[in-house]
Amino acid sequence: MSAPVTNPTAWQRVKAWLDVRFRSPAAIYGLIVFTTFVTLADDEAHDVAEVLLNSTATLIVFFIAHVFAHTLTEHGDHGFRGSTRNAVRHASGMLYASVPSILALAYGIVTHQSVSDAVDNCVTAMFVVLAILGYQAFRRRGYRVFGRLMGALATSFLGIVIVILEIAVH
C-alpha cells in the first residue's frame, strides 16, 4: 500500500511560495541589479523617494526587457501567449526579490532618513536576502551549520562585490 497523501501545512505552503519566487537566477540578478541602481542613484538623488522611484522604474524597464527577450526566444515553440506567460513567470523573481530592499527604502521615506542611511538599509536588506539564499543552498547540499553560515556570508559578500564592480563600470 502507498502512504496516505497529506496536505501541506500553511508554513510549508509559504516556504514553497517563497522558494519559487526568491530562489531563481532572475531573482538574484534582479536583487543585485536593483541594489546597484539604488547605490548609483544615491549620488544624484535629493531624497529617498527619488531614489525609490528611479530605481524601481529602472528595475521595471529591465523586467520588461527580460520578458521581451524570453518571449522572443520562445515564441516559435510556444506561441505568443504561452511564451509571454512563461517569460513573466520566469522574470517575476526580479521583482519579488527586490521587495525587501524596496521596503527598506519605503521605511526610509516614512522615517525621514537621509538618502545615505536609506541606501545603507537597502544594501543591508540585499545582504540579508542573499545570506538567506546562500544558507538555504548550502543546507540543501547537506552542509552542517558552520558550512551553511560560511556559505551565507560568502554569498552575501559576493553579491556586494558584484554591486561594487557594477558601480565601478558605470
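These exercises work through a predicted model, from its overall make-up to single residues.

**Exercise 1. Overall make-up**

Task: State how many helices and strands the protein has, and in what order its elements run.

Solution.
- Step 1. Count the elements. The protein has six helices and zero strands.
- Step 2. Read them from the N terminus on. The order is α-α-α-α-α-α.
- Step 3. Add the dimensions. The C-alpha trace spans about 65 × 45 × 30 Å along its principal axes.
- Step 4. Look at burial. Of the 170 residues, 34% count as buried.
- Step 5. Look at the surface. About 10600 Å² is exposed, and carbon and sulfur atoms supply 67% of that area.
- Step 6. Check contact range. Take contacts between residues at least 6 apart in sequence; 69% of these join residues at least 24 apart.

**Exercise 2. Two helices, α2 and α5**

Task: Compare the reach of α2 with the span expected at 1.5 Å a residue, and do likewise for α5. Then find what covers the buried residues of α5.

Solution.
- Step 1. Take α2, residues 25-42. Its 18 residues reach 26 Å from first C-alpha to last, close to the expected 26 Å.
- Step 2. Check its cover. Helix α2 is mostly covered, with 13 of its 18 residues buried.
- Step 3. Take α5. Its 26 residues reach 38 Å, close to the 38 Å expected.
- Step 4. Pick out buried positions in α5. They include Val115, Cys122, Met126, Val129, Leu133 and Gly134.
- Step 5. Find the cover. It includes α1, α2, α3 (48-96), α4 and α6 (145-169).
- Step 6. Go past the end of α5. Gly142 follows, with a positive phi near 90°.

**Exercise 3. The largest pocket**

Task: Give the volume of the largest pocket, and say which element gives the most to its lining.

Solution.
- Step 1. Volume: about 450 Å³.
- Step 2. Elements: α1 (10-22) and α5 (115-140) each give two or more residues to the lining.
- Step 3. Rank them. Helix α5 gives the most, with six residues.
- Step 4. List the residues. Lys15, Leu18, Asp19, Phe22, Arg23, Val129, Ile132, Leu133, Gln136, Arg139 and Arg140 line the pocket.
- Step 5. Sort by type. The lining has five nonpolar residues, one polar and five charged.
- Step 6. Cross-check with burial. Val129 and Leu133 line the pocket, and both are among the buried residues of α5.

**Exercise 4. Ser101 and His112**

Task: Decide whether Ser101 is buried or exposed, and decide the matter for His112 too.

Solution.
- Step 1. Place Ser101. It lies in helix α4, residues 99-110.
- Step 2. Apply the cut-off. Ser101 has a relative accessible area of 0%, and buried means under 20%, so Ser101 is buried.
- Step 3. List its neighbours, leaving out residues up to four places away in sequence. Ser101 touches Leu31, Phe34, Thr35, Cys122, Ala125 and Met126.
- Step 4. Place His112. It sits in the loop between α4 and α5.
- Step 5. Apply the cut-off again. His112 has 72% relative accessibility, and exposed means over 50%, so His112 is exposed.
- Step 6. Check the backbone. Most residues other than glycine have a negative phi. His112 is not a glycine, yet its phi is positive, about 60°.

**Exercise 5. Leu153 and Ile132**

Task: How far apart are Leu153 and Ile132, in sequence and in space?

Solution.
- Step 1. Place Leu153. It lies in helix α6.
- Step 2. Classify it. At 37% relative accessible area, Leu153 is partly exposed.
- Step 3. Give both separations. Leu153 and Ile132 are 21 residues apart in sequence and 9.3 Å apart, C-alpha to C-alpha.
- Step 4. Link back. Ile132 is one of the residues lining the largest pocket.

Note on methods. Residues numbered from 1 in each chain as written. Predicted model: local features only at pLDDT ≥ 70, side-chain atom pairs only at ≥ 80, totals over all residues. Heavy atoms only, no water. 1 Å grid on protein atoms, 1.4 Å probe; cavity = no way out; pocket = protein on both sides within 12 Å on 5 of 7 lines; lining within 4 Å. Points joined across faces, edges and corners; volume = space filled by probe spheres on them. Helix = DSSP H or I, 4+ residues; strand = E, 2+ residues; numbered from the N terminus. Nonpolar A, V, L, I, M, F, W, Y, C, P; charged D, E, K, R; others polar. Expected span 1.5 Å × (residues − 1). Buried < 20%, exposed > 50% of the residue type's maximum accessible area, 1.4 Å probe, protein only. Contact = heavy atoms within 4.5 Å. Areas by Shrake-Rupley, 256 points an atom, 1.4 Å probe, with all protein chains shown as cover.
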